[in-house]
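Work through the exercises below with the sequence and the model at hand. Each task is followed by a solution in steps.

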Amino acid sequence: MRLLHNFLPGLLTLAIITSTSAQQPAASSCRATERRVNNLVHTKLYLQFDYAKRYAYGKEWLTLKPHAYPTDSLRLDAKGMDIKAVALVNGTSMQPLKYTYIDQRNLRVNLGKEMPPSTAYTIYIEYTAKPDEANVKGSAAIAEAKGLYFINPDSAVAGKPVQIWTQGETEGSSVWFPTIDRPDQKTTSEISLTVPSKYVTLSNGALVNQKPAGAGLRTDTWKMEQPHAPYLFMLAVGDFLITKDTWRGKEVSYYLEPKYSDQARAIFGKTPQMLEFFSQRLGVEFPWNKYAQIVARDYVSGAMENTTASLFGEQAQGTARELLDWEYAGVEREIAHEIFHHWFGDYVTAESWSNLTMNESFANFCEILWAEHKYGPDAGAAQADRSLRNYLRTSYNYEKPLVRFQYADKEDMFDGVTYEKGGSILNMLRSHLGEEVFFRGLQLYLKQNAFGTGEPHQLRLALEDVSGQDLNWFFNQWYYGAGHPVVTIDYQWDAARKRQAVVVHQTQAGGLFMLPLLVDIYTNGKAQRYPATLRKAVDTLYFPAATKPELVNVDAAKVLVWQKQDNKSLAEYAYQYRYAPHYLDRRESLAAAQAKPTNPLAQKILVAGLSDKSAALREMAVQALDLKNAPQRRLAAPFLAKLAAKDSSVQVQAAALTALGTLEEKRYAKLFTKALDSKSYRVQGAALQALLPLQQKQALARATAFEADNKGALTVALVSVYGQAGGPAQWPLVLSKYDAAEPNGRFDMLTGIVPMLGRLEDPAALTEGIKRMKDLAVKFKAYGVAEPIIGGLRQIEQQQAARPTATQAKTLVDAAVKEIQDAE
């Protein structure tokens with residue numbers, strides 16, 4: 001699963017917003033794996049749907065076997081259902097069984113006789129699933145837990161498609177069919193769906209039958225012959241157009257809304273390449289009979305690796321123009337992530353949620369792997385760096401081990417430790433063992449646990465088998481321990497002894513880490529590489545050096561999971577930028593230069609970064625510039641103008657336009673105006689914002705012309721222009737754009753909405769706008785946005801103070817602030 005729940009901290013662009021924080025975890029409990037009494041064998045479902053009531057009428061034939069001991073009882077997870085009948089299947093006859101279902105969560109069945117171990121039996125259940133009435137709740141990770149979702153079933157929202165789809169992880173499948181809803185269960189499946197014949201269906205496995213089912217209805221049957229966990233069951237129903245590909249003779253298909261289907265190959269077309277690359281790299285061919293990808297409306301998370309049929313939120317579909325602004329860190333990364341899960345998660349499933357690392361850390365790691373393979377070492381390193389920094393930005397994650405047997409709720413496992421830290425640890429382990437040995441270990445782990453479950457101990461044993469190394473030290477500190485090293489690095493050259501000393505202090509709370517690493521010693525532009533290992537609170541490493549090295553590069557492979565204070569001089573960082581080969585070498589140098597904006601050498605490093613081969617580093621260099629500093633501005637301005645006019649990356653181009661816009665110099669007005677003709681919404685948005693302070697009337701006119709076609713950054717810019725230069729006539733459009741936006745877009749729009757509400761003398765507009773700001777603050781209060789939004793509300797109050805609507809504004813703001821502060 002790819003999550004979108006971490007999108008708020010650090011991304012707020014509103015000028016009044018100065019800080020964010022994340023919600024602290026709740027108290028934890030010890031989570032032992034539930035004893036296995038019965039094992040799922042096969043699940044056969046027949047479902048019909050009541051769109052008006054949002055019900056599913058189900059019939060289920062569930063085949064099971066007692067696990068180790070005879071049993072006369074069966075417990076199933078079944079949430080919020082009406083159970084109509086339960087019976088034991090004896091050939092063609094049904095024997096009614098006694099059952100209890102008091103708590104509306106656990107269906108307890110008396111089998112009427114003792115079933116011997118490993119002997120299959122089948123029960124029949126007739127039921128009604130009522131997901132909207134079930135007493136279930138979501139989490140920060142997965143917004144809702146209804147399992148089965150009816151989207152616009154009454155067609156009440158014009159232009160919005162009617163859809164049904166499911167979300168099983170973590171335990172949502174048992175809202176739409178009774179099962180043992182645990183990741184350590186595996187079952188084959190057959191799912192028959194009776195739907196309006198105008199709709200397309202998708203489910204796990206192969207479509208084995210389609211037949212008419214009465215007036216305007218059709219029944220589709222999907223069969224899955226390989227076992228998979230209940231949380232990976234899925235169905236989707238709606239008006240989708242299917243684009244078909246193939247890979248090694250297997251069907252690969254993409255399901256999108258008709259208006260986006262022309263972009264299916266542009267969005268998902270790398271799927272066959274990914275399947276081929278991962279199959280070859282892992283030494284295990286993609287193990288399923290087909291692979292489909294579908295995009296759904298109102299999805300409750302990012303994307304989900306349902307076996308053979310991954311489901312994506314609507315961020316994964318867009319027009320040709322929208323796709324111009326997409327970055328690797330968005331949809332392509334998600335596509336790779338969900339595909340890789342079909343080995344790590346679907347083929348071999350985490351034994352329990354405590355061991356979720358065996359699913360999600362691998363999928364996070366593959367985002368690095370695919371970027372590296374497809375776009376080169378810089379791209380892979382950029383993704384690795386992005387991932388590690390995401391983990392490091394949330395300090396309370398430092399207290400959590402990767403394998404976690406204590407947590408408040410299973411949903412808490414879906415965090416920066418399981419995803420980003422776990423993926424970074426795998427990347428570090430790959431470097432330590434070497435490429436060939438590491439992947440032979442993964443191959444062995446997958447083959448030994450095929451269609452079963454896995455834990456880190458099994459991974460360790462497989463890697464030890466192929467490498468001949470004892471890896472307990474690695475797994476104990478990285479998988480079963482918490483935190484990471486925090487180090488300071490100092491350098492001393494001894495001319496008399498002709499040696500270079502590197503002094504490393506580990507300063508983190510808790511235990512020390514054993515850290516194998518590589519150190520590069522540079523002389524005359526060339527590096528000599530040395531292996532070393534850190535073990536103590538203070539380690540002093542010695543390396544031969546006849547002359548003082550020009551650079552000592554610790555962790556030359558740039559894979560360690562740590563925080564470091566590297567006490568190099570700026571001159572050494574300048575040398576590192578020029579000679580050290582790694583993406584992170586250059587990024588570290590740019591960061592060091594950014595910290596000393598008035599230093600002439602730092603200014604030269606940043607200007608050099610404007611021509612870096614990596615678009616990510618060019619963009620970083622642009623954003624790191626201090627253009628208030630006259631010498632830096634003179635050095636950088638010509639480069640910025642070139643980047644703004646024609647850089648190959650729209651992200652870099654937009655960043656350069658934004659930077660030049662802060663100068664508010666008329667000589668760039670022509671450049672901004674020309675950029676407004678770009679096909680990229682991002683570039684157009686940056687250009688429009690930059691033009692606003694120079695030519696307000698022209699910016700307002702262009703914003704009006706863009707009303708017919710705007711998305712993303714251009715929509716935000718349009719709202720910003722109207723916020724600064726528009727009036728009551730533009731408020732309805734601003735409000736509609738805000739309501740249609742995703743949360744990040746809404747926050748970005750506040751830069752326009754706050755000043756607009758500060759000057760509008762319209763009671764209705766004030767009521768509408770302040771209510772929306774209040775609702776946004778309440779909904780995302782856990783992400784630290786309450787105080788910044790309160791600041792924006794007070795800003796509106798101050799701007800309204802001399803206007804006829806001042807009293808109403810103060811009343812509305814006071815009430816909104818109180819509600820935000822009182823919200824839990």
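**Exercise 1. The largest cavity**

Task: Determine how the lining of the largest cavity divides by residue class, and which elements supply it.

Solution. The model is a predicted one. Step 1: by class, the lining of the largest cavity consists of six nonpolar residues, one polar and one charged. Step 2: the residues concerned are Trp-731, Leu-735, Tyr-738, Leu-750, Ile-753, Gly-769, Arg-772 and Met-773. Step 3: glycine counts as polar and arginine as charged in this scheme, so Gly-769 is the polar member and Arg-772 the charged one. Step 4: helix H21 (731–740), helix H22 (743–759) and helix H23 (763–779) are the elements that each give two or more residues to this lining. Step 5: the space in the largest cavity comes to about 30 Å³, and a search of the whole structure for cavities of 30 Å³ or more returns one.

**Exercise 2. The second largest pocket**

Task: Describe the lining of the second largest pocket by number, class and position.

Solution. Step 1: the second largest pocket holds about 690 Å³ of space. Step 2: its lining is made up of 33 residues, which divide into 15 charged, ten nonpolar and eight polar. Step 3: the residues nearest the centre of this pocket are Ala-32, Glu-34, Arg-75, Glu-171 and Arg-182. Step 4: strand E4 (71–77) and strand E8 (106–115) each contribute at least two residues to the lining.

**Exercise 3. A sheet and a helix packed on it**

Task: Give the strand order of the open sheet that contains E27, and state which strands stand at its edges.

Solution. Step 1: the order of the three strands is E28-E27-E30, and the pairing is antiparallel. Step 2: strand E28 (526–534) and strand E30 (551–554) each have a single partner strand, so they stand at the edges and one side of each lacks a neighbour in the sheet. Step 3: on average, neighbouring strands of this sheet are turned by 20° against each other, direction ignored. Step 4: strand E27 (residues 515–523) is joined to E28 by nine bridges, and Asp-520 stands opposite Arg-529 in E28. Step 5: helix H11 (residues 570–579) packs on the sheet and touches E27, E28 and E30. The direction of H11 makes about 75° with that of E30.

**Exercise 4. A hairpin**

Task: Find how many bridges join strand E5 to strand E6, and which residue of their hairpin takes a positive phi.

Solution. Step 1: strand E5 (residues 81–90) and strand E6 (residues 93–96) run antiparallel and are joined by four bridges. Step 2: Val-89 has Met-94 in E6 as its bridge partner. Step 3: two residues lie between the strands of this hairpin, and Gly-91 takes a positive phi near 65°.

**Exercise 5. Backbone exceptions**

Task: Locate the cis peptide bond at Thr-170 and the positive phi values of Arg-54 and Glu-664.

Solution. Step 1: the usual case is a negative phi for residues other than glycine, and a trans peptide bond. Step 2: the bond from Glu-169 to Thr-170 is cis, with omega near 5°. Thr-170 belongs to the loop between strand E11 (163–166) and strand E12 (187–196). Step 3: Arg-54 has a positive phi near 60° and lies in the loop between strand E2 (38–50) and strand E3 (55–66). Arg-54 has a relative accessible area of 27%, and is therefore partly exposed. Step 4: Glu-664 has a positive phi near 55° and sits in the loop between helix H16 (650–661) and helix H17 (669–675).

Notes: Residues numbered from 1 in each chain as written. Predicted model: local features only at pLDDT ≥ 70, side-chain atom pairs only at ≥ 80, totals over all residues. Heavy atoms only, no water. Buried < 20%, exposed > 50% of the residue type's maximum accessible area, 1.4 Å probe, protein only. Pairing = 2+ DSSP bridges. Axes fitted to C-alpha atoms, helices over the stretch in contact; angles between N-to-C directions. Contact = heavy atoms within 4.5 Å. 1 Å grid on protein atoms, 1.4 Å probe; cavity = no way out; pocket = protein on both sides within 12 Å on 5 of 7 lines; lining within 4 Å. Points joined across faces, edges and corners; volume = space filled by probe spheres on them.
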